[in-house]
Amino acid sequence: QGVRVALQLVLVDAHFAFPAQGAHAAVLVWPDIMGLRPAFRMMGKRLAESGYAVLTVNPFYRSAKAPVIEPGQSFRDPDVRTKLVGYRRAVSTEGMVSDAKAFVDWLDAQDEVDT
């Protein structure tokens, strides 16, 4: 069983992975403050290999395209932390709720998702 992967949604930076055939239960993965990065893409792919349709989002897509930090950068670095906290503060709670609803609506509209 193969896994197909779509790397971008229109206007939203995200990773969508799903089994090659059929419709499957959906999973929405919301990364931590360091955003969408290879580890989270791999997590989505592994979940898809286990039979799920997985949308992993960049919660900071309005401010920066993923990855929002460079490989090897750490939250322990004050400059990196300042940048990431700024991205987080730019997203209101209402914005996160609105995005989550839009992501679920998008998932529900995909042939690969069993609603």
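How many helices and strands are there in the protein? Count them up and you get 3 helices and 4 strands. Keep in mind that this is a predicted model.

**View 1. The whole protein, end to end.** Walk along the sequence and you meet the elements in the pattern β-β-β-α-β-α-α. The radius of gyration is 15 Å, close to the 13 Å that the globule rule gives for 115 residues, so the protein is as compact as a globular protein of that length. If you boxed up the C-alpha atoms along the principal axes, you'd need a box of roughly 45 × 30 × 20 Å.

**View 2. Inside, outside and who touches whom.** Of the 115 residues, 37% count as buried. The accessible surface comes to about 6,600 Å², and 54% of that belongs to carbon and sulfur atoms. Now look at contacts between residues at least 6 apart in sequence: 68% of them join residues at least 24 apart.

**View 3. Helix α2, residues 78–89.** This helix has 12 residues and reaches 16 Å from its first C-alpha to its last, close to the 16 Å expected at 1.5 Å a residue. Which residues of α2 are buried? They're Val80, Leu84 and Tyr87. Looking down the axis of α2, you'd find its buried residues within an arc of 55 degrees, so they line one face of the helix. Over on the other side of α2, Asp79, Thr82 and Arg89 are exposed.

**View 4. Zooming in on the start of α2.** Here the residue to spot is Asp77. One of its side-chain oxygens reaches to within 2.8 Å of the backbone nitrogen of Asp79. That's the Asp79 you just met among the exposed residues of α2.

**View 5. Helix α3, residues 93–108.** With 16 residues at 1.5 Å each, α3 should span 22 Å, and its end C-alpha atoms are 23 Å apart, which agrees. Tucked away in α3 are Gly95, Asp99, Phe103 and Leu107, its buried residues. They cover an arc of only 105 degrees around the axis, which puts them on the same side of α3. Flip to the other side of α3 and you'll find Thr93, Glu94, Lys101 and Asp105 exposed.

**View 6. What sits over the buried side of α3.** What covers the buried residues of α3? The cover includes three strands: β2 (12–19), β3 (26–29) and β4 (53–57). To trace this in the structure, begin at Gly95, Asp99, Phe103 and Leu107, the buried residues of α3, then look for those strands among their cover.

Conventions
Residues numbered from 1 in each chain as written. Predicted model: local features only at pLDDT ≥ 70, side-chain atom pairs only at ≥ 80, totals over all residues. Heavy atoms only, no water. Helix = DSSP H or I, 4+ residues; strand = E, 2+ residues; numbered from the N terminus. Expected span 1.5 Å × (residues − 1). Buried < 20%, exposed > 50% of the residue type's maximum accessible area, 1.4 Å probe, protein only. Arc of directions from axis to C-beta. Polar contact = N/O pair within 3.5 Å; in protein donor to acceptor, adjacent residues only side chain to side chain. Contact = heavy atoms within 4.5 Å. Rg over C-alpha atoms; globule rule 2.2 N^0.38 Å. Areas by Shrake-Rupley, 256 points an atom, 1.4 Å probe, with all protein chains shown as cover.
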